[in-house]
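Reader: I have a structure open and want to go through it piece by piece. Can you take my questions as they come?
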Amino acid sequence: MKALTQYSFIKALRPFSLVVAVISCGLGILIAWKNGFQDTNLAIWIMLGGILAQAGINLINDIEDLPLIPADHDRYSVIKNMINRNTNWGILCFILASLIGLYLVSKQGWSLFFLIFISGLASLSYNIGPLNFKHRGLAMIQVFLLMGIMMVQGSYLAMSGEFSSTALIHSIPISLLVSLLLLSNELRDWETDKNKEIKTLSVRIGYKNAVRMYWGLIIVTYLLSTIFFISGQLHQLLWLLLPLPLLIPIRHYLTAAERVQLTPMTGRFFFLFGITYMLAI
């Protein structure tokens, strides 16, 4: 309820999470560029479409909290109007992203259309509809596939008109850290979700196990990156050392009673890793 009391457009937009679209789309564009598919115009539209799509998801995300606000809450009408307004902005973002998607489909064909269509439907099922990945404890798997693997592959497809095994391989470390970002959000809201009986994965397995999973995702990401370096998929591993100092404050926030900064700090780690990973390629 405290979060809703402090509700605003910026909080609904969740700017720190938009780095997911920037990195995932950027990685797909980069790999396509290296493979000879060099079109600045397409790259700009792909990036803009990805950011708008994620912004739309973020802005409609709070509509599920509306029934949780007591009708006698002193800011009920204000918060309700803000949530409805932000939902409308989210719908507008979806419309714009869809128009960009149609333009890209006209350039690259129906394979891209089906990928965008399936991804869009699955993304809307994060916390609404019969699937409701969040309440089933499957949200981390959802974002791993949609905001990681499929967004990277979709960006490559939008640039080239082809699917790519290279893009698939390189999307895995990034996808793991997309899941990490969502996990940080679940850890931040763990007590609230538990009290509301929202069965996120973190609530299902317990806070301590979720923290272990948090560190496990980071370890697996770096192990995979090392394997890719040994196999010649990455040209320089030292770049990936740059994000590691951010784990010091992250470790503190994971054990702190007040974990408001955990998700933004994880977003910074994700963004810096994504940038250095692309430099390593």
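Author: Start with a salt bridge: the side chains of R188 and D189 meet with 2.9 Å from N to O. Keep in mind that this is a predicted model.

Reader: Are R188 and D189 buried or exposed?
Author: In between. R188 has a relative accessible area of 25%, so R188 is partly exposed. D189 is partly exposed too, with 23%.

Reader: How many salt bridges are there by this rule?
Author: The count comes to two. Besides R188 with D189, E191 forms a salt bridge with R259, and their closest N and O atoms are 2.5 Å apart.

Reader: Where do E191 and R259 sit in the chain?
Author: E191 is in helix α9, residues 190-195, and R259 is in the loop between α12 (247-255) and α13 (262-280). The pair links distant parts of the chain, 68 residues apart.

Reader: And is R259 buried or exposed?
Author: R259 counts as buried because its relative accessibility is 5%, and the limit for buried is under 20%. Its partner E191 is at 37%, so E191 counts as partly exposed.

Reader: Changing topic. What does the secondary structure come to?
Author: The protein has 13 helices and zero strands. Of its 281 residues, 51% count as buried.

Reader: How many aromatic pairs does a search of the whole structure find?
Author: Ten. One of them is F37 with Y156, an edge-to-face pair at 6.3 Å centre to centre, with 75° between the planes.

Reader: Which parts does that pair tie together?
Author: F37 lies in the loop between α3 (19-34) and α4 (40-60), and Y156 in helix α7 (residues 139-160), so the pair ties together parts 119 residues apart in sequence. Y156 counts as buried at 3% relative accessibility, while F37 counts as partly exposed at 23%.

Reader: What about W110 and F113, how are the rings arranged?
Author: Their centres are 5.1 Å apart and the planes are at 80°, so that pair is edge-to-face. Both residues are in helix α6 (residues 110-124), three residues apart, which means they are separated by about one helical turn.

Reader: How much of W110 and F113 is accessible?
Author: W110 is at 58% relative accessibility and counts as exposed. F113 is at 27% and counts as partly exposed.

Reader: Which residues are in the cluster linked by ring pairs?
Author: W110, F113, F114 and F117.

Reader: On to pockets. What is the volume of the second largest one?
Author: About 750 Å³. The second largest pocket is lined by 33 residues, and A53, A97, I116, S119 and G120 lie nearest its centre.

Reader: Which helix gives the most to that lining?
Author: α6, with ten residues. α4, α5, α6 and α7 each supply at least two residues of the lining.

Reader: Last one, the surface. Which residues form the nonpolar patch?
Author: F9, I10, W89, I91, L92, I95, L96, L99 and L102, with about 830 Å² of accessible area together. The elements that give two or more residues to the patch are α2 (9-13) and α5 (76-108).

Reader: What share comes from α5?
Author: α5 gives the most, with seven residues. One residue in helix α5 is L96, and at 37% relative accessibility L96 counts as partly exposed.

Definitions and conventions
Residues are numbered from 1 along each chain as its sequence is written. This is a predicted model: local features need pLDDT of at least 70, side-chain atom pairs count only at pLDDT 80 or more; totals for chains, interfaces and linings use all residues. Side-chain values use heavy atoms; hydrogens and water are left out. Patches are made of residues with over 30% relative accessible area and no salt bridge: like charges are joined within 9 Å, nonpolar side chains (Val, Leu, Ile, Met, Phe, Trp, Tyr) within 5 Å. Accessible areas come from the Shrake-Rupley method with a 1.4 Å probe; for residues, only the protein chains shown count as cover. A salt bridge is a side-chain nitrogen of Lys or Arg within 4 Å of a carboxyl oxygen of Asp or Glu. Helices (H or I, at least four residues) and strands (E, at least two) are DSSP runs, numbered from the N terminus. Buried means under 20% relative accessible area, exposed over 50%, partly exposed in between (1.4 Å probe, protein chains only). Rings of Phe, Tyr and Trp (its six-membered ring) pair if their centres lie within 6.5 Å; planes under 30 degrees apart count as stacked, over 60 as edge-to-face and the rest as tilted. On a 1 Å grid over the protein atoms alone, a cavity is a set of points where a 1.4 Å probe fits but cannot get out, and a pocket is an open set with protein on both sides within 12 Å along at least five of seven lines; lining residues have an atom within 4 Å of a point. Grid points are joined across faces, edges and corners, and a volume is the space filled by probe spheres set on the points.
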